[in-house]
Amino acid sequence: MTAGIINGTEIAARIRAEVAQKVAQRKASGLSIPGLATVLVGEDPASQTYVRSKHRACEEAGINSFGFTLPADTPQEKLEGLISELNQDERVHGILLQSPIPKGLDEQKALSVMSIKKDVDGFHPVNIGRLAQKGPDPLFVSCTPAGIMVLLDKVLPSLEGMNAVVLGRSNIVGMPVALLLVRANATVTICHSRTRDIPTITRNADVLVAAIGRTEMVRGDWIKPGAVVIDVGINRVEDSSQKKGYRLVGDVAFDEACQVAGAITPVPGGVGPMTIAMLMSNTLKAAEI
Ligand code: NDP
C-alpha cells in the first residue's frame with residue numbers, strides 16, 4: 001500500500017484564498033476590515049519569525065494587523081493593561097499573545113484578561129474549558145488542532161466510532177486535538193511519556209495523531225494498515241546537503257509509514273501551513289461575530 005499524501009500546503013492556501021475573498025466582500029459592502037493584534041513579549045528569534053509570518057499572512061488576506069512588542073522585563077500589570085486596551089479597540093477583532101512569554105510572567109492570567117470574543121488563538125481558559133464540556137461550543141478552537149481536524153475531514157468526513165490515538169497531551173496540540181476527536185464521536189486514547197507499550201496501542205488506531213516532538217519515533221510497524229496518520233512533529237535534523245544545514249522531519253518515519261498508512265501528512269507541508277490558515281480564518285470569524 002502507498003499512502004495518499006494529505007497536502008496541507010494546498011489545503012491551507014485554499015483556506016487563505018477563501019478568507020481573502022470574504023474580507024474583500026466585507027470591504028466592498030462597507031463592513032469593518034478584520035484586524036489582528038499580535039503581542040510579542042521579549043526578543044525570542046523564533047517568536048519574532050512566527051509573528052512576522054502572521055503579519056505577512058494578514059497582509060495577503062487583506063486583514064489589518066497591529067504589532068505590539070514589549071520588553072522581556074515587562075511587569076504583568078502592563079501586559080494585562082495592553083490586552084485590556086486591545087479588548088476595547090474596535091479596529092482589533094482578534095488578539096494573539098505569542099507563546100512562550102518570558103519566565104516571570106503568568107501566561108494563563110494574561111490570557112484570562114482577554115475577551116473570549118477576541119481569543120483567535122483559542123487559548124483563553126473559557127474557550128479551552130468549553131472544548132472539554134458538553135454545552136456551549138468554544139468561540140474559537142486553537143489553530144493547530146483546528147487545522148488538524150480540517151485535514152482529517154478531507155480524508156475521513158465522519159470519525160464516528162473510529163479508534164483515534166493521540167500521542168502527546170500538551171495544552172497546545174495533544175489535549176485539544178483529543179478533545180476535538182471526542183467531540184467528533186471518535187473513541188480516543190491519549191498516550192504520553194508515561195504510557196506503556198505505545199506501539200500496541202497505536203496498532204489499533206484508525207486515526208493516529210503524533211504530537212510529541214520526537215524525531216521519527218513512530219515506525220511503520222506501529223501503524224494499522226490503512227490508518228490515517230497526522231504528523232504534527234517538527235524536528236530539525238542535521239543535513240549538510242541543505243543550505244540551512246538541517247532539514248525538518250516529523251514524529252513519524254514517513255517512508256515506512258507510507259507503506260502501511262491509508263493517508264498521511266508530510267513534514268513539512270502537512271499540519272504546519274494549516275496553523276496560520278486557521279488563524280486567518282479565526283480572525284475573520286472574530287470580525288463576523
Ligand atoms: P510538548 O513538548 O509541549 O509536548 C510533547 C508531548 O509529547 C507531551 O505530552 C509528552 O508527554 C509527550 N512525549 C514526549 N516524549 C514522548 C515519548 N517518548 N513517548 C510518548 N510521549 C512523549 O510539545 P507540543 O505539543 O508543543 O509539540 C509537539 C510537536 O508538534 C513538536 O515537534 C512541535 O514542534 C510540533 N508543533 C507543530 C505545530 C505546527 O505544525 N504548526 C504547532 C505546535 C507544535 P508528557 O506530557 O508526559 O511530558
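A residue is near a molecule if one of its heavy atoms lies within 4 Å of it. Keep that in mind as we walk through this predicted model, where local features need pLDDT of at least 70, side-chain atom pairs count only at pLDDT 80 or more, and totals for chains, interfaces and linings use all residues. Residues are numbered from 1 along each chain as its sequence is written, and side-chain values use heavy atoms, with hydrogens and water left out.

**First stop: the ligand.** Select the ligand and show what surrounds it: you should find 20 residues, the closest being R169, S170, S193, I234 and T275. Colour this shell by class to see eight nonpolar, ten polar and two charged residues. Here Ala, Val, Leu, Ile, Met, Phe, Trp, Tyr, Cys and Pro count as nonpolar, Asp, Glu, Lys and Arg as charged, and the others, Gly among them, as polar.

**Next: three side chains.** Click on S193, where a side-chain N or O atom sits 2.5 Å from a ligand oxygen. For R169, the distance from a side-chain N or O atom to a ligand oxygen is 2.7 Å. At T275, look for a polar side-chain atom 2.8 Å from a ligand nitrogen. On its own the ligand has 930 Å² of accessible area (Shrake-Rupley method, 1.4 Å probe), and the protein covers 70% of that.

**Zoom out: the domains.** Colour 30-118 as domain 1 and 142-272 as domain 2; these bounds come from an automatic or database domain assignment. Their centres, taken over C-alpha atoms, are 29 Å apart.

**Last stop: two cysteines.** Are C191 and C258 buried or exposed? C191 is buried at 1% relative accessibility, and C258 is buried at 9%, because buried means under 20% relative accessible area, exposed over 50% and partly exposed in between (1.4 Å probe, protein chains only).

Notes: Polar contact = N/O pair within 3.5 Å; in protein donor to acceptor, adjacent residues only side chain to side chain.
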